[in-house]
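Hi,

Here is the structure I promised to pass on. Have a look at it first, and then read on for my notes.

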Amino acid sequence: MTEPLPILSTVPHLTTALTGPLLRLETQLLQAQVSIEGWFREQFRATPAPIYCSVDLRNAGFKLAPVDTNLFPAGFNNLGERFLPLCVQAMQTAIERVCPRSCGVLLVPESHTRNLFYLENVVVLRRILESAGYEVRIGSLLPDLAEPQTVSLPSGARLRLEPIERRDDRVGVAGFNPCFVLLNNDLSGGRPAILEGISQPVVPPMALGWTQRRKSEHFRHYHDVAREFGARIDLDPWFIDPYFRQCGEVDFMAGTGEDCLAGNLDVLLTSIRKKYDEYGIDREPFVIIKADAGSYGMGVMTARSVDDVRDLNRKERKRMAASKEGQAVRQVIMQEGVYTFETVGDPPAVAEPVVYMIDQHVVGGFYRVHTGRGADENLNAPGMHFEPLAFVEPCNTPDCGQAPDAAPNRFYAYGVVARLALVAAAREMAAHG
């Protein structure tokens, strides 16, 4: 059994004095709660949510925005015990929609066994599914797995990985014929042939794996969602929407595509400066450049001027040239950098909230914390650690009797913005059929 994780007792400290606009945003969300929740119900009736999703947020004090949306979330082991009942209830709802008569689930994880933290996530995900009332077996895509393998984990849990078998148009493992396949594998290495053309539902669909999916497509959908939502509650969508641009064929090692990078970077920095000037924000704009397909924290850099992309040394080029599983980076998304002025711990370390959803429900989250990174840097890097979010109730239960930045209300704001990214993901999924 996974050991319970400690629950933080306070909202992280905001080190910036520029809290006014965000407090206004939180107040606006609280005042419009009924309208907001009705709007979300309309959206998810029109485009059902993915079975699960996690969203990385950045809280700058003057802006709260998603910077990444993961449709194959790991990290369920970082949520803490208090969130498991919410996860179980939401998973029951999700599976009844995906496969109403389901009683058996084939869970397909990532194909690496050395990352024990990731495998602890698989253990917790299995526990959620079993607690929801489903038989679960772990079907591995490891190419050299000829017979079941049991992995012992630091928590004391044991995970049995079994080779996937295919009979005609159905897959399973020895003696087990599941109703559907749940992917916890982002398919960075490609779509597995053994899952192509099967009659069982595969969720999330393989078309949403990083073989085909692009972050720029997701954020195009998110831009539309933020604009619609802003019109609904009379909000400048920039407060919840990071500007972005996309570059097509880039080869960092060969040094090609630099003109595209430099031109788009200049446009982005100019646009951000205009917004900073409009709202009196005395900060230096920056841009995050990252692989347009899943990066696993790899292939990410910060740029503050055009010179930053024209003067890359060989080490920087090599770092940007490849993503997860050695996939070459040829397309990049250039995204407005959002500061994170949240800190956790003593001495304080920068932190960013990660919100988890199953179906359309917020079920928990944690802070990604990094003691060696700054407020304008990527925190998804070696040396990070995780702290569970401080709320006990889900993010959709604000307390209007408290101040806008009180814990349940700040976390309600997190839940709203994360669900906006979930609406975008739902539209993305619908576009892929």
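Contact here means heavy atoms within 4.5 Å. With that in hand, start at Asn184: leaving aside its neighbours within four places in sequence, Asn184 is in contact with Tyr52, Phe72, Pro73, Leu107, Val108, Pro109, Glu110, Tyr118, Asn121 and Leu125. You'll find Asn184 in strand E10 (residues 180-184). Helices (H or I, at least four residues) and strands (E, at least two) are DSSP runs, numbered from the N terminus. Asn184 is buried, with a relative accessible area of 1%; buried means under 20% relative accessible area, exposed over 50%, and partly exposed in between (1.4 Å probe, protein chains only). From Asn184 to Leu125 is 9.2 Å, C-alpha to C-alpha, though they sit 59 residues apart in sequence.

Before the rest, some housekeeping. This is a predicted model, where local features need pLDDT of at least 70 and side-chain atom pairs count only at pLDDT 80 or more, while totals for chains, interfaces and linings use all residues. Residues are numbered from 1 along each chain as its sequence is written, and side-chain values use heavy atoms, with hydrogens and water left out.

Now the whole chain. It has 9 helices and 19 strands, and 56% of its 433 residues count as buried. Among contacts between residues at least 6 apart in sequence, 69% join residues at least 24 apart.

One such long-range pair is easy to look up. Glu26, in helix H1 (residues 20-31), is 387 residues from Ala413 in sequence, yet their C-alpha atoms are 6.0 Å apart. Is Glu26 buried or exposed? Glu26 is buried, at 2% relative accessible area. For contrast, try Pro347, in the loop between strand E16 (342-344) and strand E17 (349-358). Pro347 is exposed, with a relative accessible area of 65%, and its C-alpha atom is 8.8 Å from that of Thr371, 24 residues away along the chain.

On to the helix packing. Helix H3 (residues 84-98) and helix H4 (residues 116-131) pack at about 65°, with their axes 8 Å apart (axes are lines fitted to C-alpha atoms, for helices over the stretch in contact, and angles run from 0 to 180 degrees between N-to-C directions). From H3 come Leu84, Cys87, Val88, Met91, Gln92 and Ile95, which meet Val124, Leu125, Arg127, Ile128, Leu129 and Ser131 of H4. The residues of this contact divide into 9 nonpolar, 2 polar and 1 charged. Ala, Val, Leu, Ile, Met, Phe, Trp, Tyr, Cys and Pro count as nonpolar, Asp, Glu, Lys and Arg as charged, and the others, Gly among them, as polar.

H2 and helix H5 (residues 215-233) pack at about 145°, with axes 11 Å apart. Ser35, Ile36, Gly38, Trp39, Glu42 and Gln43 of H2 make the contact with Val225, Glu228, Phe229, Arg232 and Ile233 of H5. Here the split is 5 nonpolar, 3 polar and 3 charged. Buried residues in H2 include Ile36, Trp39 and Phe40.

Last, H6 (residues 258-278). At 1.5 Å a residue, its 21 residues should span 30 Å, and its end C-alpha atoms are 30 Å apart, so the two agree (the expected span is 1.5 Å times one less than the number of residues). Among the buried residues of H6 are Glu258, Asn264 and Lys275. Just after H6, Gly280 takes a positive phi of about 65°.

Cheers
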